[in-house]
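Here are some short exercises to work through with the model open beside you. Try each task before you read its solution.

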Amino acid sequence: MTEPAHVSGLQDHLGYWLRYVSNQVSHAFSLKLAARDVTVAEWVMLRELYDQDAMVPSALADRLGMTRGAISKLVDRLAAKALLTGVPGTKDRRYQDLALTSGGRALVPELSGLADRNDAEFFGHLEPADRAAIHRLMVDIVRRSGLRTMPVD
């Protein structure tokens with residue numbers, strides 16, 4: 001008779017714990033953003049555009065690892081909220097670049113503060129060296145795995 005194979009427990013997997021923490025952190029942040037009428041995906045786009053004067057939608061899609069269709073939907077939602085606008089393209093005036101409105105530009109630091117507070121709520125008890133180690137390890141996993149899609153959900 002053969003011995004049964006070892007079946008690892010759910011909580012034996014690092015992925016389980018990463019997902020558990022990630023879900024809680026993301027949910028808490030999405031609730032904070034929702035109070036400002038912004039989704040996580042909208043926040044990601046706003047933050048990415050904050051450091052740019054303007055950006056073509058295709059470059060933004062590539063940078064965020066999103067489809068052009070998903071970018072288009074986000075653009076429509078953010079434009080309806082008067083947080084984003086199209087500006088004549090710098091290279092080809094037939095196309096529009098995306099830029100934050102003054103309202104969008106003013107909102108990003110506020111939302112960034114929410115992200116900072118959310119991080120502090122979940123990770124503030126950790127020693128700075130431990131936080132830095134977790135950050136370094138997560139970035140290493142992303143790089144080694146070739147991950148490109150931004151976490152927006």
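**Exercise 1.** At roughly what angle do the axes of helix α1 and helix α5 cross?

*Solution.* Before starting, note that this is a predicted model, where local features need pLDDT of at least 70, side-chain atom pairs count only at pLDDT 80 or more, and totals for chains, interfaces and linings use all residues. Residues are numbered from 1 along each chain as its sequence is written, and side-chain values use heavy atoms, with hydrogens and water left out.

Step 1: find α1 at residues 14–34 and α5 at residues 102–123; helices are DSSP runs of H or I with at least four residues, numbered from the N terminus.

Step 2: their axes come within 10 Å and cross at roughly 145 degrees. Axes are lines fitted to C-alpha atoms over the stretch in contact, and angles run from 0 to 180 degrees between N-to-C directions.

Step 3: look at the contact (heavy atoms within 4.5 Å), which includes V21 and F29 of α1 and L111 and F122 of α5.

**Exercise 2.** Work out how the rings of Y16 and W17 are arranged.

*Solution.* Step 1: recall that rings of Phe, Tyr and Trp (its six-membered ring) pair if their centres lie within 6.5 Å; planes under 30 degrees apart are stacked, over 60 edge-to-face, and the rest tilted.

Step 2: the centres of Y16 and W17 are 5.0 Å apart with planes at 90 degrees, so this pair is edge-to-face.

Step 3: add Y20, whose pair with Y16 is tilted, at 6.0 Å centre to centre and 35 degrees between the planes. Ring pairs therefore link Y16, W17 and Y20 into a cluster.

Key: Helix = DSSP H or I, 4+ residues; strand = E, 2+ residues; numbered from the N terminus.
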